[in-house]
Amino acid sequence: MLWSLFHILILFMMLYRSRYSRRKTMILMGISMGLVILVNMTGLVRYGAEVMGKVFVLTCTLPSLLFFWFISRDRNGRFFFTFCMADTVALWVISVTNVADYFWGNEQYVLMFIGRLVLFPLLEWVAVRYIRKPYMELQEAVPDGWGVFAGMTALYYILFVVMGNYPVLITARKQEMPAFLLVLVLMPMTYAVIFMSLYRQLLLHQKQQAERTLQGQKNTLEAQLESQQNIRRMKHDMKGYTVTLSGLLAAGQIMEAQTYLKGVAEKMDTLLGQYCANPYINAVLVHYIGKLEEMGAVCRMDLQIGDEALPHMELCQILSNELENACDALQGLPADRREVSVLMKYNRVYLLMCIKNRCRDDLYVERGTIPPTNKKEHGHGFGLVTVKEAAERLGGDMACYAENGSFVLEVMIPVSSFQGA
């Protein structure tokens with residue numbers, strides 16, 4: 001039993017996400033779970049397996065559930081599913097070895113001990129080799145839909161406890177043994193279905209992530225292409241401008257030539273859209289500001305950046321995704337409420353970005369959360385996962401929230417992450 005309890009903890013910790021560091025988590029777990037195991041082993045020696053089996057939920061399961069919930073990063077369905085799954089799988093191994101020893105007819109528990117000695121490490125090897133990495137990715141990628149699976153695993157755990165221990169141990173109730181064996185067979189099949197469903201969700205998330213990345217790259221390339229087309233158009237028109245200027249200067253009309261040259265310069269600035277010195281970021285801004293102006297939106301720019309070597313791939317992803325969101329949000333608003341502002345500020349410590357646009361008055365987004373990624377229903381949120389991932393790749397962070405009829409996206413990136421400082 002001591003071996004079993006120890007390996008239940010190992011299996012659970014392989015799939016668990018703590019909000020503390022690994023070292024602190026191990027120290028807290030050693031203290032708290034050491035006391036729980038000591039209490040249960042003392043009870044097992046003093047009162048026997050039959051008595052402790054009936055109160056095991058109160059003496060072991062509930063205390064460990066409360067402890068791990070307290071230090072968990074996920075205090076939702078993801079945590080309860082992971083906890084119940086680890087406990088149920090371990091209880092399945094305990095039940096299988098118990099039943100096998102019963103049919104073996106050995107009262108020395110030799111087969112039970114050998115079975116648990118082999119099966120627990122084998123189970124952990126399978127978890128490390130095939131389950132841990134995709135499962136951790138799944139917990140990170142899929143925030144919803146865990147409640148049903150957590151409920152199923154909790155019911156399986158209760159089913160094992162009740163059938164295996166009440167009113168007496170299952171080995172003393174021969175008439176109920178066939179039903180218990182069917183439950184033992186059914187549980188792995190159920191978990192196989194659950195993991196196949198979760199794996200499909202992971203594949204779907206990866207596909208959506210790839211689509212978002214490709215869409216961001218497409219938007220950036222379209223913006224750059226539009227900028228190149230404007231440059232070619234300027235080169236074509238420059239011949240006409242030169243002829244006109246030559247004629248004015250030849251006629252001695254200096255003032256008229258200066259006025260005309262000023263108009264040419266203004267038109268060139270309009271075509272090129274010189275919002276900042278960075279050509280990649282400028283191309284994205286030109287593309288989306290053009291779209292916003294076609295909608296009649298008021299665009300305010302405050303770009304305090306120069307020609308620094310910025311991580312343009314990630315920044316263009318952030319800008320294109322959020323400005324695309326802004327365009328979608330403003331489509332459903334009256335023309336007089338269509339406003340967007342973009343702030344970019346660069347200093348020696350941080351690169352700061354703040355994109356703000358008007359939105360529905362009833363939109364509620366709490367800081368630290370990401371709204372549902374469904375354009376048709378919400379008009380906001382699609383691509384925000386990509387924005388967050390782009391910021392995190394640069395060692396930064398993203399926050400978004402809605403207040404006073406405006407949706408705000410804030411991104412902070414440490415300069416040291418891309419300057420090598």
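**View 1. Arg337 sits in the loop between α10 (312–331) and β2 (339–346).** The model shown here and in every view below is predicted. Arg337 has a relative accessible area of 17%, so this residue is buried. Buried here means under 20%. Beyond its neighbours within four places in sequence, Arg337 touches Leu330, Arg358, Cys359, Asp361 and Gly405.

**View 2. Asp362 and Arg360 are joined by a salt bridge.** The N to O distance is 3.0 Å. Asp362 counts as exposed because its relative accessibility is 58%. Arg360 has a relative accessible area of 35%, so Arg360 is partly exposed. The structure holds 10 salt bridges, and further examples follow in the next two views.

**View 3. Arg173 pairs with Glu176 in a salt bridge.** The closest N and O atoms lie 2.3 Å apart. How accessible is each partner, Arg173 and Glu176? Arg173 is buried, at 4% relative accessibility. Glu176 is partly exposed, at 31%.

**View 4. Arg17, Asp74 and Arg78 form a network of salt bridges.** Within this network, the side chains of Arg78 and Asp74 meet at 3.9 Å, N to O. That distance falls within the 4 Å limit for a salt bridge, so the contact counts. Are Arg78 and Asp74 buried or exposed? Both are buried.

**View 5. Seven residues build one aromatic cluster: Phe12, Tyr16, Phe67, Phe68, Phe79, Phe80 and Phe83.** The structure holds 17 aromatic pairs. One of them joins Tyr16 and Phe79, whose ring centres are 6.2 Å apart. Their planes meet at 65°, so the pair is edge-to-face. This pair links distant parts of the chain. Tyr16 lies in the loop between α1 (2–15) and α2 (22–47). Phe79 belongs to helix α4 (residues 77–104), and 63 residues separate the two. Tyr16 and Phe79 are both buried.

**View 6. Trp125 and Tyr130 make an edge-to-face aromatic pair.** The ring centres lie 5.9 Å apart, with 85° between the planes. Angles over 60 degrees count as edge-to-face, which is why the pair bears that label. Trp125 has a relative accessibility of 48%, so Trp125 counts as partly exposed. Tyr130 also has a charge over its ring. Which residue provides that charge? Arg129 does, and its charged end sits 5.0 Å from the ring centre.

**View 7. Arg19 places its charged end over the ring of Phe70.** The distance from the charged end of Arg19 to the centre of the Phe70 ring is 5.1 Å. Here an arginine meets a phenylalanine ring. In the Arg129 case, the ring belongs to Tyr130.

**View 8. A nonpolar patch of about 530 Å² lies on the surface.** Its members are Trp3, Val110, Phe113, Ile114, Leu117 and Val118. Which helix gives the most to the nonpolar patch? Helix α5 (residues 110–141) does, with five residues. Val110 is placed in this helix. Val110 has a relative accessibility of 41%, so Val110 counts as partly exposed. Patch residues need over 30% relative accessible area, so Val110 meets that requirement.

Notes: Residues numbered from 1 in each chain as written. Predicted model: local features only at pLDDT ≥ 70, side-chain atom pairs only at ≥ 80, totals over all residues. Heavy atoms only, no water. Patch = residues over 30% accessible without salt bridge, like charges linked within 9 Å, V, L, I, M, F, W, Y side chains within 5 Å. Areas by Shrake-Rupley, 256 points an atom, 1.4 Å probe, with all protein chains shown as cover. Helix = DSSP H or I, 4+ residues; strand = E, 2+ residues; numbered from the N terminus. Buried < 20%, exposed > 50% of the residue type's maximum accessible area, 1.4 Å probe, protein only. Phe/Tyr/Trp six-rings, centres within 6.5 Å; stacked < 30°, edge-to-face > 60°. Lys NZ or Arg CZ within 6 Å of the ring centre and 35° of its normal. Contact = heavy atoms within 4.5 Å.
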